[in-house]
Amino acid sequence: MSSTGTSISLFKLVPGELFRPLASPNREHHWLLLCRLFDEFFGPDAPMPPSVGLPRRDITAAIERYLLTDDPWETEEGDVPDAPLPARAQTLYERFRSAGWLRQERVGAREMVSMPPLVAQLLSTLIDFSEHGPTFVSAKVRSIELQLQQVVEGRAGADALDEAADQARKLLVSLSSMSLQVRDLMPELSKAESTAQFARQWFERYVGQFFIGDYADLHRADHPLARRSSILAMVQQIESTGLRDRLQAWYGEHLNGHDPERASGRLQRSLRRLHELDRIGEYLGRLDDDIRQANRRALAFIDYRLRAPDKLDVLLQRACRGALNAPEDALRMPVGPGGLMNAERLRAPRQKPQPIARSANASQQPTAEQLARLSLLRRIKRARLVTPEDMARYVGRHLEQQPRIDSSELSIDSIEDFRAYQTLMTLALRSHRQGGLRRDDPLGRLLRGFRVELVPALEPLDTPYLSASRFVIHRTPKAA
């Protein structure tokens, strides 16, 4: 798509017959041969070719070497049956040249061969696509962020902005196609003949090839994806400051022939692609759902294969052969005596129950007795509850200015006093352990300005209400 939204024809850039060899019966052989020629003569790993090209004989000799190790080929239109190897190499060379993969020029008396730049760029893109592995989101996001930082700081121009926008688009395209790959993989894996083969293909192909390389780290707080808000903030800064005019001027000077309208469209396209990173959460959410569904299907398939009898088809064939060879009496239907269609054997008709009439919930005011009972219940609960304030009042009333007081001197005049006395005795019993009262004991919050010590040497004290162990209340120095 161009900056104005109109589609650009691919065949205005590359020859119209370019894909003919890749659509023929020998397309696999043609593809491997093109990759080998690209790697050996025209690719970035090949030696620097002369500006006028390579001799035609070098190209045909390379094709001959390939044919020696790659046979047989399907017979196509124009092939000569049982042709010698040099003739087959010449036929393949002419096929590539007529399709546009190779360009031949005459330099003096020699025929020189080269690959058109756009065709070489397209072939490089196709090779990268065929070798595509798991996507590493962290690397792409980190690269986008660094390039935008250079643009914002003035250390790079609009070319870095273009590169960041292209990487953002490729990242979203990769994530959007990942879900489809996961869904398409399951029917193919389900064709495995054994459980072991399914498990091997599952871990080799599903986990090793189609997962995102850093999928397990995507939701971590320190993953670069968590900083996409800073990327969007830098994009907003470019749009709202003088950087926009500087980048648009760069586009107009270097890319679009000083056309302000086309430069503005190119800049707007790059910024729009970067804004699309805000949708990456939607793609990852859909991918998580597809992966969870694929995991459930895989576990169900493995569970079925492990539970199902081994060689079920063999058992069924054996049962069919046994039924065909069995005597007639042995094949009687396993049913009880009597007619199969008697009225007694028919199922009684199912009667649909009548729906319950719906009505609104009626609100009812409590009676005076209910209110009185509720108030009494609240007072009972409050009387049994001992708060730090209640304990402070009870102990302060008896301790006053004394440094200590024995439990025999404590009075019990009400339910509140009785509950406070019980709580003090419980604190004394719990404190009489090695290490004292536990730090996390909930009763420890009641000890404000005093501590309770059990006196096991003395006889238990019999009060009108209970027989209790003797204890002593000491005033702590903080409260003195």
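**Figure 1. A nonpolar patch on the surface, built mostly around helix H12.** Helix H12 (residues 312-325) gives the most to this nonpolar patch, with 3 residues. The full set of members is Tyr304, Leu312, Leu315 and Leu316, and together they have about 380 Å² of accessible area. Tyr304 comes from helix H11 (residues 280-307). Keep in mind, here and in every other view, that this is a predicted model.

**Figure 2. The whole chain, before we zoom in again.** You can count 15 helices and 8 strands along the chain. It has 480 residues, and 34% of them count as buried. The chain exposes about 31,800 Å², with carbon and sulfur atoms supplying 53% of that area. Now take the contacts between residues at least 6 apart in sequence: 65% of them join residues at least 24 apart.

**Figure 3. Glu64, a buried residue in helix H2.** Look for Glu64 in helix H2 (residues 56-69). Is Glu64 buried or exposed? Its relative accessibility is 13%, so it counts as buried, since the cut-off for buried is under 20%. The side chain of Glu64 also has a partner: a polar contact of 3.3 Å joins it to the side chain of Arg57. If you skip the neighbours within four places in sequence, Glu64 is in contact with Arg57, Leu85, Pro86 and Ala89.

**Figure 4. Arg65 and Glu40, a salt bridge between two helices.** A search of the whole structure turns up 20 salt bridges, and this view shows the one where the side chains of Arg65 and Glu40 meet, at 2.7 Å from N to O. The pair links distant parts of the chain, with Arg65 in helix H2 and Glu40 in helix H1 (residues 27-42), 25 residues apart. Arg65 is partly exposed, with a relative accessible area of 43%. Glu40 is partly exposed too, at 33%.

**Figure 5. Arg169 and Glu276, a salt bridge between a helix and a loop.** Here the closest N and O atoms of Arg169 and Glu276 are 3.5 Å apart, and the two residues form a salt bridge. What does this pair tie together? Arg169 sits in helix H6 (residues 158-189), while Glu276 sits in the loop between helix H10 (260-275) and H11, so the bridge ties together parts that are 107 residues apart in sequence. Arg169 has a relative accessible area of 30%, which makes it partly exposed.

**Figure 6. Arg451 and Glu453, plus a network of salt bridges elsewhere.** Arg451 forms a salt bridge with Glu453, and their closest N and O atoms are 3.9 Å apart. Arg451 is partly exposed at 43% relative accessible area, and Glu453 counts as partly exposed at 37%. The second panel shows salt bridges linked into a network, made up of Arg56, Glu94, Arg97, Arg106 and Glu111.

**Figure 7. Aromatic rings in pairs.** The structure holds 2 aromatic pairs. In one, the rings of Phe41 and Phe42 have their centres 6.2 Å apart and their planes at 55°, so the pair is tilted. Both Phe41 and Phe42 are buried. In the other, the rings of Tyr421 and Phe471 have centres 5.6 Å apart and planes at 55°, so this pair is tilted as well. Tyr421 belongs to helix H15 (residues 415-431) and Phe471 to strand S8 (residues 471-475), so the pair ties together parts that are 50 residues apart in sequence. Tyr421 and Phe471 are both buried.

Terms used: Residues numbered from 1 in each chain as written. Predicted model: local features only at pLDDT ≥ 70, side-chain atom pairs only at ≥ 80, totals over all residues. Heavy atoms only, no water. Patch = residues over 30% accessible without salt bridge, like charges linked within 9 Å, V, L, I, M, F, W, Y side chains within 5 Å. Areas by Shrake-Rupley, 256 points an atom, 1.4 Å probe, with all protein chains shown as cover. Salt bridge = Lys/Arg side-chain N within 4 Å of Asp/Glu carboxyl O. Helix = DSSP H or I, 4+ residues; strand = E, 2+ residues; numbered from the N terminus. Buried < 20%, exposed > 50% of the residue type's maximum accessible area, 1.4 Å probe, protein only. Polar contact = N/O pair within 3.5 Å; in protein donor to acceptor, adjacent residues only side chain to side chain. Contact = heavy atoms within 4.5 Å. Phe/Tyr/Trp six-rings, centres within 6.5 Å; stacked < 30°, edge-to-face > 60°.
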